[in-house]
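Hi everyone, thanks for making time this morning. Please pull up the sequence and the model, and we'll walk through them together.

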Amino acid sequence: MTERTESAVRLVILLAIGTMAGAAAFTHVHDLSVAHGQPHWIGWANAVAVELMAIYLGLELRARRRARRPVGLVASLLVAFALLSLAAQVAEAESSVWGWIVAAVPSLAFLALVKVVLSNAPVTPPAPEPDQPQTYWHEVPEQVTPDPEPQRPADPVPPTVPAPAVISAPAAVLPPRVVQPNRPHVVGIIR
């Protein structure tokens with residue numbers, strides 16, 4: 001099997017698993033929302049928010065790691081949304097251990113698929129700063145020590161003469177700010 005054929009087969013499997021697991025996970029969140037009094041369109045909105053937020057947070061986590069920025073908040077939110085999705089799957093299940101396991105499969109498969117896809121994508125190293133030469137990890141930069149400049153004797157400092165005092169004009173006195181007694185002074189509220 002050629003590499004191109006193998007890549008095509010992997011893509012088809014990826015799309016099939018992603019479509020089916022995503023549809024099941026979306027449906028469970030939708031059904032749970034509707035069962036608890038939400039209209040159908042809000043049920044779908046909840047499903048989209050919960051399931052796609054996990055995907056977005058995975059992408060954001062990857063981008064922050066690449067940029068060497070803190071990932072604590074994003075990782076916490078990813079765990080929270082993954083647990084929320086998993087809870088929706090289990091809540092719709094039959095009350096047995098096997099019912100919970102079977103109901104959790106779509107959510108876990110969807111999250112595992114996202115993780116695998118995101119971890120397989122090539123990571124590009126950060127671009128070097130423009131004023132820095134490009135070096136490779138295996139190259140060691142030369143240690144260059146500049147020749148020290150010869151010391152010159154310090155120039156004699158002339159004696160300082162005090163500057164004449166500057167007399168300033170009296171500051172203008174502004175009238176105090178008048179606040180109307182019937183209007184409270186609150187910033188940001190327009191009446």
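Let's start with a single residue, V102, which counts as exposed because its relative accessibility is 57%. The cut-offs here: buried means under 20% relative accessible area, exposed means over 50%, and partly exposed is in between, with a 1.4 Å probe and protein chains only. You'll find V102 in helix α4, residues 97-120. Its C-alpha atom is 9.0 Å from that of Q89, with their positions 13 residues apart along the chain.

Before going further, a word on what we're looking at. This is a predicted model, where local features need pLDDT of at least 70 and side-chain atom pairs count only at pLDDT 80 or more, while totals for chains, interfaces and linings use all residues. Residues are numbered from 1 along each chain as its sequence is written, and side-chain values use heavy atoms, leaving out hydrogens and water.

Now the overview. The chain has 4 helices and 0 strands, so to read those labels, helices (H or I, at least four residues) and strands (E, at least two) are DSSP runs, numbered from the N terminus. Written from the N terminus on, the order is α-α-α-α. Of the 191 residues, 18% count as buried. The chain exposes about 16000 Å², and carbon and sulfur atoms supply 66% of that; accessible areas come from the Shrake-Rupley method with a 1.4 Å probe, and for residues only the protein chains shown count as cover. As for contacts, meaning heavy atoms within 4.5 Å, take those between residues at least 6 apart in sequence: 51% of them join residues at least 24 apart.

Back to V102 and its surroundings. Which residues make up a nonpolar surface patch with V102? They are V97, W98, W100, I101 and V105, and with V102 the patch covers about 650 Å². Patches take residues with over 30% relative accessible area and no salt bridge; like charges are joined within 9 Å, and nonpolar side chains (Val, Leu, Ile, Met, Phe, Trp, Tyr) within 5 Å. W98, also one of the residues of helix α4, counts as exposed because its relative accessibility is 65%. V117 is in α4 too, but at 38% relative accessibility V117 counts as partly exposed. The C-alpha atoms of V117 and L14 are 8.7 Å apart, though the two residues are 103 apart along the chain.

That takes us to α1. How far apart are its end C-alpha atoms? They are 47 Å apart, which agrees with the 48 Å that its 33 residues should span at 1.5 Å a residue; the expected span is 1.5 Å times one less than the number of residues. The buried residues in α1 include G18, A21, G22, A25 and H28. S33 is in α1 as well, and S33 counts as buried because its relative accessibility is 11%. Not counting residues up to four places away in sequence, S33 touches Q38, G43 and N46. After α1 comes G37, with a positive phi near 95°.

What about the core? The largest nonpolar core has 5 residues: F26, V29, A47, V50 and A88. α1 (3-35) and α2 (40-66) each supply at least two of them. By nonpolar core we mean buried Ala, Val, Leu, Ile, Met, Phe, Trp, Tyr and Cys residues joined through side-chain atoms within 4.5 Å. Leaving aside neighbours within four places in sequence, A47 is in contact with F26, V29, H30 and L52.

Next, charges. Side chains of opposite charge can pair when their charged atoms come close. The structure holds 1 salt bridge, that is, a side-chain nitrogen of Lys or Arg within 4 Å of a carboxyl oxygen of Asp or Glu. R64 and E60 form it, with their closest N and O atoms 2.9 Å apart. The two are separated by about one helical turn because they are 4 residues apart in helix α2. E60 counts as buried, at 19% relative accessibility.

Last stop: R68, in the loop between α2 and α3 (72-91). R68 is not a glycine, yet its phi is positive, about 55°. R68 counts as exposed, at 66% relative accessibility.

Thanks, all!
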